[in-house]
Amino acid sequence: MSQISLNGKWILTSPAHSHLAIPMTVPGDNYHALYQAGIITNPYMGTNENEVQWVRECDWHLSQEFSLSPQEMSAASLILNLSRVDTLANVFINNELVLSSTNQFQRHRIDIKPFVKPGDNTISVHFSRVDEEALSRAKKLPMPIPWAVGNNQLPHMNLIRKTQCHSGWDWGICLMVSGIYDPIYIEVVKKIELSSIETAQIWYQGAVDLTVNVKHECIAGQAITVNFNDEIHTLISHESGETSTIFHIENPELWWPSGYGEQPLYSLTVELDEQTITKRVGLRQLELNNKNDEIGSAMEFVINGFPINSKGANWIPMDAMPSLESESRYRELLTSAKDANMNMIRVWGGGQYESELFYDLCDELGLMVWQDMMFACSLYPSTDAFLKDVEPEIRQQIQRLKDHPSIVLWCGDNEVIGAIGWYDESKNNKTTYTVNYDRLNRNIAQWIAEEDPSRRFWTSSPCNGDMDFGDAWHNDNRGDMHFWDVWHSGKSFDAYQDIKPRFCSEFGFQSWPSFSEVKTFVPEEDWNVTSPTFEGHQKNGRGNSIITEMFTRYFRFPSNFEQMLYLSQVQQAIAIKTGCEYWRAISPICRGMLYWQLNDNWPVSSWSSIEYSGRWKQLHYHAKRFFAPTYVPFEETNSELRIRAVNDHRTEAHIDGTVYWMDFNGELLGKWAVNYTIEEDGNDVIWSLSKEKFQVSENNSFFFIEIEVNGESIQNTWFATPKLKQLTMKKAKINLIQSGTMLTLQSDNPAFFVHLEHDGKGQFSDSSFTLLPEKPVTIEYLGDDIETLKNTLRVYDLSNSY
Ligand code: BMA
């Protein structure tokens, strides 16, 4: 019997709208339910965001009936499990208050046995307005605590423990959702409650001891079985409420980040009194190397003794309407990350501690997780009341997550140290606000250290290191860096090459959505980058101007709306590639790069490389190449053009390839074979050419390398200037032959950023690539919507964008 699920159909009502009673699926949110019931229009379409704001100005009630059998009623306790309750919620069982919850990130386990009866029972959850509570909390503060003006559309959301981007962000719609986003259930405890399990690893040469600690109700004498990888240990419950056992594993199969090895996961199952907890355990050693060196100090993750080049992107919540989170979408997004050769994801502090599913998938796919605590871009109070709200949140989240092998770091927040310097109140009183920061942050560090001594705590992202409250946006000697000089400060793309970050955890460049994506949310009369819909779906004040201004710097101005969309994605890909390619070329100085941002939570113009629908932008195809474990970045010195080989593998790699020097008519000016064996974790120059040799034809020619490594082919292209508008590029005529899912492209002239797009689902094996004349390329369509592919397939390239 063990669990009674309360998931499924509930009824949503609002005291402000007495006529309204609609079905709502839990787990889920009220906005989605209102949309499904036809009460509101789809908030993501057109300018509808403005029309649906009334929803946050009401209280909302959710209720459901459930029934209990006499047998269930005979249980010792009936534990109601609630998590991700958003946010200010009173929970009633048969009209009696059993819980007042004020923090979306806390979990609750309440024995409701005293409140229920055999037969029919009612559970109801009353959500109250968050904006009013925030205002009233702000009035009671001992000093003003600045909130994220410019991101949030509502004031003081930093005082409420709710996903910070719900009230809008510089890529995010303002949807103040409420609801319950995790499964809700009653645990039937016959005699003794199984509360939780946790593991710890102690490593020896070639062996590991895995301790399994079981927490239970303080009742002695009950049998507990612990099954690790089919080895069974039987324990007896103890009156202290805790007992443990150790499994010794010789020659364990090691868990590795993607690209470095496999991700074996051992099963662990604990059973007590018909309650079961299962986990999958990855065995791996983890270290964060911050040792001082001749530059400053390292920022290098070391797994199983091997230094890792962390490559990936920042993650935001997958949907502004949590009802739309689903296993298949988590899987699709995270698989897309892995497919682009990423091995790390940063769960950004303005979102949410992710669902179990997210971390299970990261374990499975070998995606390391940099986990922020949920604080971002605002200041936060350090009052007793606030600390009291946050402490259980942090402790519970760490307990919940710490057995995931993918998680490699606990980070205190996103950009909160930096934010001290953003707001007038704190700028003018830095001492007070820095002390205030440290009071909260020090407590968070302490709670985390107590819950998980196995991982490092990192104060903030970005941060120069422990007790360093300096400017980590501009110090590239130590710690992690957020480098925004190109996007927010308007520097040119090559500014990425002016820094040598130890670990760049944020840097980004926006693009507009693809034409296919635009068709899903922009009415045709608004197909214009300054239309109301387009401007409503751009949340970064100067965003559209920056994109357009950058066009004028680097490109010939695109001929129409559709080509503007295409070119914005070329531009984004070039920007991010410029940074990543250079930072890989300086490895091991730089040991990590996570661009901003992987995904979108609604259809919008943003820094993402994957659109809301799951479609890869051009950047994502480029990332697959520039993040490849063995890659060939170009490098320019004063006198030479060079190609390097970088190899992240734990074994040597053999590179076989050709370098082409060609003019824009397709005339070959030079050709070199490259054959090179690059050692593990290696970085060597494998080809070079004196600049004098090609200076005369700089604007008339380009370099191209194609290599085969481990059976995969990777290409890279180099232009003598980032100002592609100056090149003497010829119009390309690209011929496409489709045979089922195979698409063969051929061009008369060299064609660049050749990009395939269609309105259906499914990626291509490659896109946004260079196509040389007389070298046809065959691309595979990896989806199953052949009909849409046939009808809507479009081929773009740079020469035809103007
Ligand atoms: C970063 C993030 C976000 C923001 C992004 C783009 O610093 O932490 O706050 O969305 O910049 O401005």
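In this predicted model, Asp131 and Arg129 form a salt bridge in which the closest N and O atoms are 2.8 Å apart. Asp131 counts as buried because its relative accessibility is 17%, which is under 20%, whereas Arg129, at 22%, counts as partly exposed. Arg129 also belongs to the lining of the largest cavity, where Ser128, Arg129, Val130, Met176 and Ser178 are the residues nearest the centre among the 18 that line it. That cavity has a volume of about 140 Å³, and its lining is made up of nine nonpolar, four polar and five charged residues.

The second largest cavity holds about 90 Å³ of space, and of its 13 lining residues Tyr380, Asp413, Val416, Tyr437 and Leu440 are the closest to its centre. Helix H9, which spans residues 430–451, gives the most to this lining, with six residues. Nine of the lining residues are nonpolar, three are polar and one is charged.

Returning to the salt bridges, a search of the whole structure finds 49 of them. One joins Arg625 to Asp766, with the closest N and O atoms 2.7 Å apart. Arg625 lies in helix H14 and Asp766 in the loop between strand E44 and strand E45, so this pair ties together parts that are 141 residues apart in sequence. Arg625 is buried, with a relative accessible area of 8%.

Another salt bridge, between Arg794 and Glu757, has its closest N and O atoms 2.7 Å apart, and it links strand E47, where Arg794 lies, with strand E44, which holds Glu757. Both of these residues are buried, and they take part in a network of salt bridges that links Lys519, Glu562, Glu757, Asp759 and Arg794.

Technical notes: Residues are numbered from 1 along each chain as its sequence is written. This is a predicted model: local features need pLDDT of at least 70, side-chain atom pairs count only at pLDDT 80 or more; totals for chains, interfaces and linings use all residues. Side-chain values use heavy atoms; hydrogens and water are left out. On a 1 Å grid over the protein atoms alone, a cavity is a set of points where a 1.4 Å probe fits but cannot get out, and a pocket is an open set with protein on both sides within 12 Å along at least five of seven lines; lining residues have an atom within 4 Å of a point. Grid points are joined across faces, edges and corners, and a volume is the space filled by probe spheres set on the points. Ala, Val, Leu, Ile, Met, Phe, Trp, Tyr, Cys and Pro count as nonpolar, Asp, Glu, Lys and Arg as charged, and the others, Gly among them, as polar. Helices (H or I, at least four residues) and strands (E, at least two) are DSSP runs, numbered from the N terminus. A salt bridge is a side-chain nitrogen of Lys or Arg within 4 Å of a carboxyl oxygen of Asp or Glu. Buried means under 20% relative accessible area, exposed over 50%, partly exposed in between (1.4 Å probe, protein chains only).
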